[in-house]
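Hi,

Here is the structure I promised to pass on. Have a look at it first, and then read my notes below.

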Amino acid sequence: MAVDTARGGGTASAPPGGTARPSGAAGGAPPAGHGGGCACPDCPHGVREGRRRALAEFRRRRDELAAGGGVPAALAHSPGASRQWVSDELTQAARTVAERTRAEAGFRLGRLWRHTAAAVWGAVALLLAAQATTAVLGAGWTAGRTAALAAALVCAAALTAAARLHRARGGVLAPVTGEDGRLSTSRTVAAVWVLLASYSVLAVAASLALAPGADARARLLAGLDLGRGAGLLTVLALCCAVAVTVRRAVVLRVRAQRLQKVRADRPRAADLLTDDSGRGSFTDVQYVAVCSVAAVFAAVRLARRPGELPDLPWGLALLVAISALTYLAGKYSEGGRPVILSVVRSREVGDLDAPIRTGDDIEIRGSGFVPPGAEAPDLLARTTVRIGTVHVHVPLVPVAGGFANPADTVLTVPVPVDVEPGRVEVQVITAAGVETNRYSIDVLD
């Protein structure tokens, strides 16, 4: 069976001469002998290999069943029984793949904090190299360069401490990761502006500490005046307000069943520019692009005048405001509750037209049956239809490279014999737990 093969692929013993890896050592390098085809469940190579084998076996089994092979001869005479057996086989195999995927995601998150900390200190190293290069080509090393480097060191130390504290949730990425396990565009943009503003203030504070006299300190304090930093502070306040508003709007819409959310395995950089299903989002792309341009402009102004807040022009601040409002409007307009438009009796070729009876297949037509991000087989298998008082799990119908059922606009399910004849209501429950409207049909005995 597919599940047995997939499970066996994840529990292979270490090769001769390899050392057993202690459990929980996800953050370090695998010991000698744990590489290549190793499938030990306690090392990163083994977890990755186990998932690869389970996924390959699942795809092979799915395509085999889609071609009509592998079905027991005792069930071949009954299309309904064979379809249910195929669905159960693929559901069990899909759950195995999902378990391996979650295990691999846990290992990756456990090691991600080191990569984020390394990226932070790499940025500090680049700043030091740039300062040294401009010092050689310019007027030499100045107190302003020392203040800028000191501010960068303080920020890097704080981010490293935060990464260490949240090492189980992705390190520095933890504060900008949403409750659905994806990187939040609004939180990331707001975090960039918070970091830029904090660095600017720290640079001014370090310059104050190194200032030689009262006149120099007065000029530095004048650089913090509201008239100079009004544009930066306005953009900072706006982006933070957008991040808070979007979070609350998403939570309220999910609870009201007006938005479907499915948790992702781990955060990805592409989450900043795409929707939950992985397709490019115009509102996200334009928000990130405009704010990135504005942040680069502010960083250049800060590099030119490190002793004061970067004076962001009001025209650029207005551009960021328009982009933020567009992003916010897009968040309020996306999603929607799944809906049933019609329910008809599924008719095979050569079958006679007839009313719906117990044992027949019905075709439910509508939209939103597969939430964004729920295209994985284990999530598709969670789609359920309530017919009267009976809950029917939507069977997985494989085709080459995917599944024909369930689909986002059409579901096909059998009417169980336990359904009482008469007027009954049909309702779809998606993988996100959202219920559709109720649609009444007549079932004959």
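Let's start with one pair of side chains: Lys331 and Glu334 form a salt bridge, with their closest N and O atoms 3.7 Å apart. By salt bridge I mean a side-chain nitrogen of Lys or Arg within 4 Å of a carboxyl oxygen of Asp or Glu. Lys331 counts as buried at 18% relative accessibility, while Glu334, at 27%, counts as partly exposed. (Buried is under 20% relative accessible area, exposed is over 50%, and partly exposed lies in between, using a 1.4 Å probe and protein chains only.)

Before going on, a word on the source: this is a predicted model, where local features need pLDDT of at least 70 and side-chain atom pairs count only at pLDDT 80 or more, while totals for chains, interfaces and linings use all residues. Residues are numbered from 1 along each chain as its sequence is written, and side-chain values use heavy atoms, leaving out hydrogens and water.

Back to salt bridges. The whole structure has 25 of them. Glu57, Arg60, Arg61, Glu64 and Glu89 are joined into one network by bridges that share partners. Within that group, Arg60 and Glu64 come to 3.3 Å between their closest N and O atoms. They sit four residues apart in helix α2 (residues 44-66), so about one helical turn separates them. Helices here are DSSP runs of H or I with at least four residues, strands are runs of E with at least two, and both are numbered from the N terminus.

Lys331 also belongs to the buried residues of helix α9, among them Leu316, Val320 and Tyr327. Does the length of α9 (residues 314-333) add up? Let me put that better: what span should its 20 residues have at 1.5 Å a residue? The expected span is 28 Å, and the end C-alpha atoms are 28 Å apart, which agrees. (The expected span is 1.5 Å times one less than the number of residues.) Just after α9, Gly335 has a positive phi of about 80°.

Now for the strands. Four of them make an open sheet in the order β4-β3-β8-β9, paired antiparallel; two strands pair if DSSP finds at least two bridges between them. β4 (390-393) and β9 (439-443) are at the edges with a single partner strand each, so one side of each has no neighbour in the sheet. Five bridges link β8 (residues 422-429) to β9, and Glu425 has Ser440 in β9 as its bridge partner.

Overall, the protein has 10 helices and nine strands, and 42% of its 445 residues are buried.

Cheers
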